[in-house]
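Q: Hi! Could you walk me through the inside of this protein?
A: Happy to. Let's put it up first.

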Amino acid sequence: MKAISTLLLFVAILLSSCVKEQPRTIDDFNFNWKFTLGDKTNAEQVSFDDSAWEDIRLPHDWSNITGYQKENTAASTGFVEGGIGWYRKNFTVPASDMGKSIWVEFDGVFCNSTVYLNGEKLGYRANGYSSFSYKLNEHLNYGANNIIAVKVDHSAYADTRWYTGSGIYRNVRLVKTSKVHIPQWGVRITTPKVNSSEATVQIETKVEGTNDDIEVEISIVDADKHAISYSKNTDGKKIAKQSITMVNPQLWGVENPNLYTALISIKQNGAVVDQVEQRFGIREFRFDSNNGFYLNGKNLKLKGVNLHHDMGAVGSADSKGIWEYRISQLKSIGVNAVRMAHNPHSPLLMDVCDEQGMLVMNEFFDEWHNPKGKSINYLGDEAASHDISKGYSDVFFEWAENDLKDLIRRDFNHPSVIMWSIGNEIEWTFPEYAETFGTVNKDIDGYYTTPSYDTVLIGNTFQKITGGIDSLTIVATQLAAWVKEEDTSRPTICGSVIPSVSMTNGYGKAVDILGLNYRAADYDAFHKTFPEKCILGSENWVAYSEWKNSINRDFVPGIFVWTGFAYRGEAGPWPRKGLNISLFDFAGFKNPRGHFFECLWKTDPKVYMVTTPASQSEFSYTKEEGWKFDMHMTPPPVWNKLRLWEWYKVNEHWNYSKGENIIVQTYTNCQEAELFLNGISLGKQALANYSETDNIIKWQVPYHKGELKVVGYNGGKAVDEYMLGSTGKVARIEIESDKATLKADNYDVAHVTVKLYDEKGIEIKDLETEIVFDVTGNAELLAVDNGWEMNVAPHNTNKVTTHNGKARAIIRSTGKKGLASVSVSTGDIKGQEIKIGMK
């Protein structure tokens, strides 16, 4: 009877909100903006003439649109220009809205943004990754035209170590509700008690705008919109705290990311004056210093990646559809966790992680008050002067608390978030840490071998060098305390590069978990010295050894490889726009190392094969000595140890000179693999024979034109195979879309892939040829790419040159239902046309 009455009440609330005017409206504020690049005097004033400015929509990244250029740019930020940009938008607010509370929400503006309304300054925000809002009521013209203007100052174009983009690159909304309302991020949901039979959901609601008594009503619905539970608070307090018991809850996890929605209604004098919908998940997790990570009571290894915030061909112009595609690609190869390197990411990405079951390490800063070096011509030159590289470190002490707490408030209710990271490799900006390490460990070879964990020696050395003043630990302790002021339900972490010194001096002790960046050599010594301290691999090479070092140790919860997707920045020399040291390239194509890690992280039988001329390979073979490996370090001028992040030199084709010796590498999770050349077996090998070294089955094969095939076996039975074939000229183009239909909402996207085939129907994987896209109907061509780190051609065009025989276009829906047609051609060869529906 109680369940029926709860359901009826929930239905009544919904019906009443449909009949009456909605107590809260959220308007899409992304369209009908004007933009110009360059500073303008008085551009915030209502009378300013912007008729010559460009008509644009948001999200908007002018650095991506203006494109790559060698001069007056920086390798650190991907060889794109910065500058100053202005945005303006006309809008009206009816007189009937007078008396409401009205504000504008920005998900992110890069960077140094100043927002004006009708000539009056609303506020300034330095951090380009932060989300923020401004109240508009004081300066609104009701029933008349209003002008909102935004100045964006990214003139210091080398201000970070990777691509940032420039402009209003995330979504903007206009929110209207009553004077009595729930403010932005005013709802907090926790699940302090969770098991399969029962869960306690605690909801804290903040109310602004009144001194009178109010009521807070909460209905919880599941993904199918079924009412699950109901709670009412009548104590009239400005922060209402309600506890709801849910029977047989559907838990949120990486395999079943079940989500609920809390419909929160504020009543004053019996009338609903505001309503907010807040999604959440019910889950329980913990870290154990000896046994790793547990989610909903089950031990789980974190198969993580680091992820930067740019999205390939669209730069940083935010798109939920692209994030959906990228996270689904990562999930498809076994990834279950993402580290948001090294700054607050898009709210849209956070939503996608909730929806797809991706665990999140949420991160605040890459640098604190001491900046890191930025590069002009190539990674590691650190030649950028302060005037073009000045960034957040200049204002860190002014903004750190505000920005940190705002991120926690914004992302508090995301079940995907399991850690708050206060920083990344901060020790590099405090030279006394490196000096202490070098003094104590003068007899070892660099940072990547096991150092001394003699805490007395380290402490005495550090004391002598610093005189006892350690500002790094002081700041870390304050940051961690600010986190705990906002959230005690999640642990704090940082990415450490000198853990032996950091733990001894206090920096590592300031956080709950110490993340070790490229320090697998420290795992055992660290755990022996500090057995009660939780650690994890917060940044790791995309290498078999890194995963092996984790799975062989219960106390290491997992790793976060660098990186999930190729990213712009940390680039050079020109035209290398970024680093393809990832599982997927810039266009989202799976890299060979992505195939390799899929074999490590997934159990579905798989074999994959790559080839390299023996004259170029790091692998060599003789009958007398077997297989040997000689790492080829990265040539100058780039830092030679960049090779530790790079993959082996491999090709994905079978086109060589007759008789040339070729090293064939097979990635597999099968027990055995057998190689065939033109139907003749070249031998069957067991994966176990390579599991102690690199987990790659290898053959040395003289090249002969034809078919190279590898077959994987489990229990003696063939379970998967993969083929490469020698190819001729292009005879056919094929295109395919990852989606057959799109939402006709002006936002949804499809990824359209182009592949080339010869006259025998064999895919060509080593050809560069220009592809022309033609998109007609109710969609638009958003961007093109080929995934290559040397591709500095424009992305906002309909032409792209294939790399490794592939290219990709991103198609975006319009607001009209119907069909879109996509076709491609190269020279005189035209591909088939595909249709994508808009619904």
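**Pockets, cavities and cores**

A: Let's start with the second largest pocket of this predicted model. Its lining divides into 10 nonpolar, 12 polar and 11 charged residues.

Q: Which residues lie nearest the centre of that pocket?
A: Those are Arg593, Tyr648, Lys649, Val650 and Glu789, out of 33 lining residues. The space in this pocket comes to about 910 Å³.

Q: OK, what about closed spaces: how many cavities of 30 Å³ or more are there?
A: Searching the whole structure turns up four. The largest cavity holds about 100 Å³. It is lined by 16 residues, with Phe586, Ala587, His751, Arg808 and Ile810 closest to its centre.

Q: And what's the mix in the lining of the largest cavity?
A: There are 10 nonpolar, three polar and three charged residues. Helix 3 (320-332), strand 45 (779-785) and strand 47 (806-813) each give at least two residues to that lining.

Q: Switching topic: which residues have the most contacts inside the largest nonpolar core?
A: Trp368, Leu479, Leu583 and Trp654, in a core of 111 residues. A second core, separate from that one, has 27 residues, including Val93, Val104, Val109 and Tyr134.

Q: Now helix 6. What do its buried residues pack against?
A: Strand 7 (120-125), helix 4 (347-356), strand 23 (359-363), strand 24 (417-424) and helix 9 (471-486). Among the buried residues of helix 6 are Phe396, Trp399, Leu404 and Ile408.

Q: How far apart are the end C-alpha atoms of helix 6?
A: They are 21 Å apart, which agrees with the 22 Å that its 16 residues should span at 1.5 Å a residue.

How values were computed: Residues are numbered from 1 along each chain as its sequence is written. This is a predicted model: local features need pLDDT of at least 70, side-chain atom pairs count only at pLDDT 80 or more; totals for chains, interfaces and linings use all residues. Side-chain values use heavy atoms; hydrogens and water are left out. A nonpolar core is a set of buried Ala, Val, Leu, Ile, Met, Phe, Trp, Tyr and Cys residues joined through side-chain atoms within 4.5 Å. Buried means under 20% relative accessible area, exposed over 50%, partly exposed in between (1.4 Å probe, protein chains only). On a 1 Å grid over the protein atoms alone, a cavity is a set of points where a 1.4 Å probe fits but cannot get out, and a pocket is an open set with protein on both sides within 12 Å along at least five of seven lines; lining residues have an atom within 4 Å of a point. Grid points are joined across faces, edges and corners, and a volume is the space filled by probe spheres set on the points. Ala, Val, Leu, Ile, Met, Phe, Trp, Tyr, Cys and Pro count as nonpolar, Asp, Glu, Lys and Arg as charged, and the others, Gly among them, as polar. Helices (H or I, at least four residues) and strands (E, at least two) are DSSP runs, numbered from the N terminus. The expected span of a helix is 1.5 Å times one less than its number of residues. Contact means heavy atoms within 4.5 Å.
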